[in-house]
Amino acid sequence: MESVQAIKQRFEIIGNDPKLNRAIEKAIQVAPTDISVLVVGESGVGKESIPKIIHSLSHRKHGKYIAVNCGAIPEGTIDSELFGHEKGAFTGATSTREGYFEVADGGTIFLDEVGELPLTTQVRLLRVLENGEFIKVGSSQVQKTDVRIVAATNVNMFDAIEKGKFREDLYYRLSTVDIPLPPLRDRKDDIHLLFRKFASDFAHKYKMPPIKLDENAIQFLLKFRWSGNIRQLRNVAEQISVLETNRDISALTLQSYLPTEGNNLPSVIKDKKSENDFSTEREILYKVLFDMKSDLNDLKKLTLELMQNGSSKVQETNKNLIQKIYGSHQDDSEIDYEDQNELSVIPVQNVVPKKDFEEQEDSYLFAETVEEEEILKLEQKEIEMIKKSLEKNKGKRKAAADELGISERTLYRKIKQFDL
Ligand SMILES: Nc1ncnc2c1ncn2[C@@H]1O[C@H](COP(=O)(O)OP(=O)(O)OP(=O)(O)O)[C@@H](O)[C@H]1O
Ligand SMILES: [Mg+2]
């Protein structure tokens, strides 16, 4: 049996922390069996190397190893990705497709972010775990496969179970053995070691002398919270390696590369007020967004009517707008649409002079540009809100998604889409 030390070397895992060693040891021990394993730990702690170790030390090592990020696949296609589909199973299913569970027969599947699986997929997964059976989407024929599953999660699965988002039976089936990985802040002796390793890697990569931390900087490094764990440490080492011409790094310089938000500093008292402020601000932002969108729709409608049907139809649209503002009246004839002074609704032919085609086209283009700008603005607001919520919730996507009133999956995709 390969030693923990040898595995660390083979998989380029740095550190001597006892909990890290124990995790690797457990991986070595379970590898030859077909037991399902759940790797648990915060984001960026290095969960991805565990399933690779398990696969490469198992009798399946010549079989396929497929890593699936369950959070990144849209809910509508995940069953088909995992279990395949029959021709004609849904629009666009022009041919039969094999899913990962069929392709990886005899191998290992790593289900990363398993907590993100939709409940319907969880049912299929449970079945395949229990007896190796699955059914392609749109088929009625049961198929067999022999796949070892290693799953990983950075969310609290008990929370997910309590909220009805994850099946308890599946959780226990997946975590026959669990392998916890410690957060970086609990691996004090490894932090500087890792930093030096990254500094040396980046010095090599960028062909510069390695950066070196002074004593105060080392102390700062050890006290920092590292909520993004090794991934965050690596990013910081890379930024400093690229940007600092003076290769001796002081605590002040190091600090300037680290976020100062409360999430990384020891927070003594959580400021309740700021939470309230945030939700009020969020409500206002939502309102602004909805108002903007509804204004935009009205404007689009008006422009379109104008271009297509001339003034009579536009008056009709005005009428609808007035109804929208004042509420609908049982007898429309009560309102004289041409005489609504307070509303300044003037028959359109008076405001918009007859245009030749070119001008009409111009206004159409203008409307499109405005629309694009509005979309951009909306996007910026969305990004701001997501960032703020993530910072506030210390990067916890579940809490942020709850706060934003969107699903975790949607939040996950937005983070990817906007590269947050
Ligand atoms: N012990 C280690 N030595 C060297 N590099 C490491 C170590 N652990 C993790 N890393 C590096 O840190 C980065 C993050 O690791 P990884 O992608 O495995 O995190 P993760 O736990 O899967 O996080 P997430 O839950 O966000 O997916 C990777 O670039 C990985 O190579
Ligand atoms: Mg990962």
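Biologist: What does the accessible surface of the chain come to, and what share of it belongs to carbon and sulfur atoms?
Modeller: The model is predicted, and its values are computed from the atoms. The accessible surface of the chain comes to about 23700 Å². Carbon and sulfur atoms hold a share of 52%.

Biologist: What percentage of the residues in the chain is buried?
Modeller: Buried here means under 20% relative accessible area. The chain has 420 residues. The buried share of them is 40%.

Biologist: How many helices and strands does the chain have?
Modeller: Both kinds of element occur in this chain. There are nine strands, and the number of helices is 18.

Biologist: Among contacts between residues at least 6 apart in sequence, what percentage joins residues at least 24 apart?
Modeller: The count leaves aside pairs that are not at least 6 apart in sequence. Of the contacts that remain, the share joining residues at least 24 apart is 70%.

Biologist: Are helix α9 and helix α11 parallel, perpendicular or oblique to each other?
Modeller: Helix α9 covers residues 188–206 and helix α11 covers residues 229–243. Their axes come within 9 Å and cross at roughly 45°. That angle lies outside the ranges for roughly parallel, antiparallel and perpendicular, so α9 and α11 are oblique.

Biologist: Which residues of α11 make the contact with α9, and how many residues of the contact are nonpolar?
Modeller: From α9 come Ile191, Leu194, Phe195, Phe198, Ala199, Phe202, Lys205 and Tyr206. From α11 come Ile230, Leu233, Arg234, Ala237, Glu238, Ser241 and Val242. By class, one residue of this contact is polar and three are charged, and the number of nonpolar ones is 11.

Biologist: Which residues of α9 meet α10?
Modeller: Helix α10 spans residues 215–223, and its axis is 9 Å from that of α9 at an angle of about 125°. On the α10 side the contact has Ile218, Leu221 and Leu222. On the α9 side the residues are Lys188, Ile191, His192 and Phe195.

Biologist: Is the crossing of α9 and α10 left-handed or right-handed?
Modeller: At their angle, α9 and α10 are oblique to each other. The contact between them divides into five nonpolar, one polar and one charged residue. The crossing of α9 and α10 is right-handed.

Biologist: Is Lys207 buried or exposed?
Modeller: Lys207 lies in the loop between α9 and β8. Its C-alpha atom is separated by 9.9 Å from that of Val242, 35 residues apart along the chain. Exposed means over 50% relative accessible area. Lys207 has 74%, so Lys207 is exposed.

Biologist: How many residues of helix α3 are buried?
Modeller: Helix α3 runs over residues 49–56 and has eight residues. The buried ones are Ser49, Ile50, Pro51, Ile53, Ile54, His55 and Ser56. Their number is seven.

Biologist: How far apart in space are Glu12 and Ser49, C-alpha to C-alpha?
Modeller: Glu12 is in the loop between α1 and α2, and counts as exposed at 63% relative accessibility. Ser49 belongs to α3 and is buried. The two are 37 residues apart in sequence, and their C-alpha separation is 9.2 Å.

Biologist: Is α17 parallel or perpendicular to α18?
Modeller: Helix α17 (residues 397–404) and helix α18 (residues 408–417) have axes 9 Å apart, at an angle of about 105°. Arg397, Lys398, Ala400, Ala401 and Leu404 in α17 meet Glu408, Leu411, Tyr412 and Ile415 in α18. The angle makes α17, relative to α18, roughly perpendicular.

Note on methods:
Residues are numbered from 1 along each chain as its sequence is written. Chains are lettered from A and ligands numbered from 1 in the order in which they are written. This is a predicted model: local features need pLDDT of at least 70, side-chain atom pairs count only at pLDDT 80 or more; totals for chains, interfaces and linings use all residues. Side-chain values use heavy atoms; hydrogens and water are left out. Helices (H or I, at least four residues) and strands (E, at least two) are DSSP runs, numbered from the N terminus. Buried means under 20% relative accessible area, exposed over 50%, partly exposed in between (1.4 Å probe, protein chains only). Contact means heavy atoms within 4.5 Å. Accessible areas come from the Shrake-Rupley method with a 1.4 Å probe; for residues, only the protein chains shown count as cover. Axes are lines fitted to C-alpha atoms, for helices over the stretch in contact, and angles run from 0 to 180 degrees between N-to-C directions. Angles under 35 degrees count as roughly parallel, over 145 as roughly antiparallel, 65 to 115 as roughly perpendicular and the rest as oblique. Ala, Val, Leu, Ile, Met, Phe, Trp, Tyr, Cys and Pro count as nonpolar, Asp, Glu, Lys and Arg as charged, and the others, Gly among them, as polar. A crossing is left-handed if the near helix is turned anticlockwise from the far one by less than a right angle, and right-handed if clockwise.
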